[in-house]
2 protein chains.
Amino acid sequence: MSEIKGTLYGVGIGPGDPELLTLKAHRIITSVPVIAYPTMENGKVLARAIVADFIRSDQIELPMPLPFSVERSSQPYYDLAAENIAQHLTAGRDVAVLCEGDPMLYGSFMYIFNRLSHSFATEVIPGISSTFASAAMLGAPLTYRNDVLSIMPATLDAEILSDRLAGSDSAIIIKLGRHFAKVKQVLIDLNLIDRALYIERVTMSNQVIKAISTVDPTAVPYWAIILIPSQTKPS
Amino acid sequence: MSEIKGTLYGVGIGPGDPELLTLKAHRIITSVPVIAYPTMENGKVLARAIVADFIRSDQIELPMPLPFSVERSSQPYYDLAAENIAQHLTAGRDVAVLCEGDPMLYGSFMYIFNRLSHSFATEVIPGISSTFASAAMLGAPLTYRNDVLSIMPATLDAEILSDRLAGSDSAIIIKLGRHFAKVKQVLIDLNLIDRALYIERVTMSNQVIKAISTVDPTAVPYWAIILIPSQTKPS
């Protein structure tokens, strides 16, 4: 058994476009012996798809199954994933855990980090978040000077959403899915709807931008974002 | 004179570590004929320093002087920079405008974008923001599930800071500099000081992490950040 433990890397791989990996993420992914990534029970494996062209056949792949339903506890799934990763680290093999977007912002890697970072050398590589990438793709400057930006999930109750939006100069609402109609009504009530921009699957090959008034509320994917840019008029 | 105009690229180059450029930013920077970047009247040229190893001698460099004092209007400076960039674009040369962090989050590029994106083909390349990079470097997961994150500048009045912090589950306070003492007092008043983490010059070679209680308020750089991670206890 090896005396020297491997290093755990939490690697942000960005929102979808493989070219939005950082040079550092690319270097680590192409050099580690073990690559772990979340997979959904329904078969969706977005993280691996983003870096598919960079993975070599001599690297060990370690899928981390996660429950599809949010109602089911993900705790035993992360326990098992952490256990599998720990075995490689203990044997002296570095492991890169892929994480869509940025690892520390609603990232699946945080659950692995909390379980293993006290026992193994751990390095987190920040990634391009879909939040800021949305602003780039929409051509919408987010914040000037003294502006406050809030990032929030669409899963919040209408009352909380309304309260948080009222206290921000600009906002990004993520994970829209079946919560779109609720969010749209809140934006109408707050008189924010005319400023709201809508984007699906930011930087992926099937990215869609459309006017919020034309969005079918029954067909909004989880990977949809609404952005409220700053109203500040800079000179 | 060329019939085909050049493309304007707003390129996020991340918080300081050159390895945190994206593959796309690297490709564009190494392939365009003209590279523009902000310079401060006091001689500080951070953006160029980050990509110094990637710039070749056959590329045209276009410094964009900006006023050092925040009291002086930056409008004429941006007008001139946009004019200089427009000349290259009109002559058919692509121009990459470097922007520290992410171009759409308090970015200097937004002022160029507002002046030129209606006249020239424009593409914005998102970059690693110092905000999320701070979470990675501090090993501090930011937001879980239903958490709301707010990003705000330390330049805000204490009352507004207090109000915005009270309405967030996690927060990132940027541009600390001489505003540190005010921010610290707000955090004490809100009982947030024990959760607050402090980092200077994130991912730069002279990055510093220290306990907030040990920070000398008279020696806090502009590039300092306070992070309040989520209190959510995930399983």
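Start in chain A of this predicted model: select α3(A) and α4(A), two helices that are oblique to each other, since an angle that is neither roughly parallel, antiparallel nor perpendicular falls in that class. In numbers, helix α3 (residues 75-90) of chain A and helix α4 (residues 109-116) of chain A cross at roughly 60 degrees, and their axes come within 10 Å. The handedness is worth a look while you are there: α3(A) passes α4(A) in a right-handed crossing. To see what touches what, show side chains for A:Tyr78, A:Ala81, A:Ala82, A:Ile85 and A:Ala86 in α3(A), which meet A:Tyr111, A:Ile112, A:Arg115 and A:Leu116 in α4(A).

**Next stop: another helix pair in chain A**

Move along to helix α6 (residues 158-166) of chain A and helix α7 (residues 180-189) of chain A, whose axes cross at roughly 45 degrees and come within 10 Å. That angle makes α6(A) oblique to α7(A). Here the crossing is right-handed. From α6(A), pick A:Ala158, A:Leu161, A:Ser162 and A:Leu165; they meet A:Lys182, A:Val183, A:Val186 and A:Asp189 in α7(A).

Before leaving chain A, click on A:Lys175, in the loop between β7 (170-174) and α7 of chain A. Its phi is near 55 degrees, a positive value in a residue other than glycine. For context, most residues other than glycine have a negative phi. A:Lys175 has 18 other C-beta atoms within 10 Å, so it counts as partly exposed.

**Over to chain B**

Now superpose the chains. A rotation of 180 degrees, with 0.0 Å of shift along its axis, puts chain B on chain A with an RMSD of 0.0 Å. The two copies are thus related as by a two-fold rotation axis. The same surface serves both copies, with 100% of the contact residues of chain B recurring in chain A.

How many residues of chain B are in contact with chain A? Select them and you get 47, in contact with 47 residues of chain A. Colour that side of chain B by element: α1 (23-31), α4, β5 (122-125), α5 (130-138), β6 and α6 of chain B each supply at least two residues. Which element gives the largest share of the side of chain B that touches chain A? That is β6(B), with 5 residues.

**The α4 neighbourhood in chain B**

Stay in chain B and zoom in on α4(B). This helix is largely enclosed by the rest of the structure, because 6 of its 8 residues are buried. The buried ones to highlight are B:Phe109, B:Met110, B:Tyr111, B:Ile112, B:Phe113 and B:Leu116. Then bring up what covers them, which includes β1 (8-12), α3, β4 (95-99) and β5 of chain B.

One of those covering elements deserves its own view. Helix α3 (residues 75-90) of chain B packs against helix α4 (residues 109-116) of chain B at an angle of about 60 degrees, with axes 10 Å apart. That makes α3(B) oblique to α4(B). On the α3(B) side the contact is made by B:Tyr78, B:Ala81, B:Ala82, B:Ile85 and B:Ala86, and on the α4(B) side by B:Tyr111, B:Ile112, B:Arg115 and B:Leu116. As for the handedness, α3(B) passes α4(B) in a right-handed crossing.

**Two sides of α6 in chain B**

Select helix α6 (residues 158-166) of chain B and show its buried residues: B:Leu161, B:Arg164 and B:Leu165. They cover an arc of only 100 degrees around the axis, which puts them on the same side of α6(B). Spin the view to the face turned away from that buried side, and you find the exposed residues B:Glu159 and B:Ala166. Back on the buried side, the cover includes β6 (149-153), β7 (170-174) and α7 (180-189) of chain B.

**Last clicks: two loops**

Try B:Arg178 in the loop between β7 and α7 of chain B. Buried, exposed or partly exposed? B:Arg178 has 13 C-beta neighbours inside 10 Å, so it counts as partly exposed. Draw a distance from B:Arg178 to B:Thr155: they are 23 residues apart in sequence, and 8.9 Å apart in space, C-alpha to C-alpha.

Finish at B:Asn191, in the loop between α7 and β8 (197-200) of chain B. B:Asn191 is not a glycine, yet it has a positive phi of about 65 degrees. With 8 C-beta neighbours inside 10 Å, B:Asn191 counts as exposed.

Terms used
Residues are numbered from 1 along each chain as its sequence is written. Chains are lettered from A and ligands numbered from 1 in the order in which they are written. This is a predicted model: local features need pLDDT of at least 70, side-chain atom pairs count only at pLDDT 80 or more; totals for chains, interfaces and linings use all residues. A residue is buried if 20 or more other C-beta atoms lie within 10 Å of its own, exposed if 12 or fewer, and partly exposed in between; C-beta atoms are placed from the backbone. Helices (H or I, at least four residues) and strands (E, at least two) are DSSP runs, numbered from the N terminus. The arc is that of the directions from the helix axis to the C-beta atoms. Two residues are in contact if their C-beta atoms, placed from the backbone, lie within 7 Å. Copies are superposed by least squares on the C-alpha atoms of residues with pLDDT of at least 70 in both. Axes are lines fitted to C-alpha atoms, for helices over the stretch in contact, and angles run from 0 to 180 degrees between N-to-C directions. Angles under 35 degrees count as roughly parallel, over 145 as roughly antiparallel, 65 to 115 as roughly perpendicular and the rest as oblique. A crossing is left-handed if the near helix is turned anticlockwise from the far one by less than a right angle, and right-handed if clockwise.
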